[in-house]
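Q: I have a new model open and would like to learn how to read its features one at a time. Could we walk through it together?

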Amino acid sequence: MNEEEFGQKITRTLNWGLSRIEEDKLAKLRAGRRKAMDAYREPVSILGLVTVSGQTLNVSNWIRKPLFWLPILAVSAALVTYSLNSGDDVYDDVGELDAKLLTGELPIDAFLDKDFASWVKESS
């Protein structure tokens, strides 16, 4: 049996069963088919390499999916957490203080401060 004969056999079987379906169920099937046909989009070829469903390129379809937002929320949360816990300012201040100490740019009051002397002892 080739493909065409197989298709004709299935068509005959479906048509035979169609006469036995009640009207209310037929109406539901027609409504479901109409809804599916409305949602159907022609496949789209991207650069001639990949063919995807027409709905794949529909941005509004992606926005409604929760999995679209999950990576965006995860990256945003990671960036906010990193920026809140970033210790870059502390290291920049220490480096800047070291540079001023080595170049002699510190004001004389800094050398008179007791905490500064204890800090120098602890860091050396």
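A: Gladly! Let's begin with a term: a residue is called buried when its relative accessible area is under 20%, and exposed when that value is over 50%, with partly exposed in between. Keep in mind that this is a predicted model.

Q: With that in hand, what percentage of the 124 residues in the protein chain is buried?

A: Buried residues account for 6% of the 124 residues. As for the accessible surface of the chain, the total is about 11,200 Å², and carbon and sulfur atoms hold 62% of that.

Q: How do I read the overall dimensions, and what is the radius of gyration of the protein chain?

A: A handy approach is to set the value beside that of a compact globule with an equal number of residues. Here a compact globule of 124 residues would come out near 14 Å, but the protein chain has 36 Å. Along the principal axes, the C-alpha atoms fill a box of roughly 105 × 35 × 25 Å.

Q: What do the contacts add to that picture?

A: Here we look at how far apart in sequence the touching residues are. Taking contacts with a separation of 6 or more, residues 24 or more positions apart supply 0% of them.

Q: Which secondary structure elements does the protein chain have, and in what order do they run?

A: There are 7 helices and 2 strands. Starting at the N terminus, the order is α-α-β-β-α-α-α-α-α.

Q: Could we look at a single loop residue? Where is Ile-21 placed, and what does Ile-21 touch beyond four places in sequence?

A: Ile-21 sits in the loop between helix H1 (3-18) and helix H2 (23-39). Leaving aside residues up to four places away in sequence, Ile-21 touches Leu-26 and Leu-29. Its relative accessible area is 31%, so Ile-21 counts as partly exposed. For a sense of distance, the C-alpha atoms of Ile-21 and Thr-51 are 37 Å apart, with these positions 30 residues apart along the chain.

Q: And on the surface, which residues make the nonpolar patch?

A: Val-59, Ile-63, Trp-69, Ile-72 and Leu-73 form it, covering about 460 Å². Helix H3 (59-63) and helix H4 (66-85) each give two or more residues to this patch, and H4 has the largest share with 3 residues.

Q: Why does Trp-69 count as partly exposed?

A: Trp-69, which is found in helix H4, has a relative accessibility of 38%, so this residue counts as partly exposed. That value lies between the cut-offs of 20% and 50% we began with.

Methods:
Residues numbered from 1 in each chain as written. Predicted model: local features only at pLDDT ≥ 70, side-chain atom pairs only at ≥ 80, totals over all residues. Heavy atoms only, no water. Patch = residues over 30% accessible without salt bridge, like charges linked within 9 Å, V, L, I, M, F, W, Y side chains within 5 Å. Areas by Shrake-Rupley, 256 points an atom, 1.4 Å probe, with all protein chains shown as cover. Salt bridge = Lys/Arg side-chain N within 4 Å of Asp/Glu carboxyl O. Helix = DSSP H or I, 4+ residues; strand = E, 2+ residues; numbered from the N terminus. Buried < 20%, exposed > 50% of the residue type's maximum accessible area, 1.4 Å probe, protein only. Contact = heavy atoms within 4.5 Å. Rg over C-alpha atoms; globule rule 2.2 N^0.38 Å.
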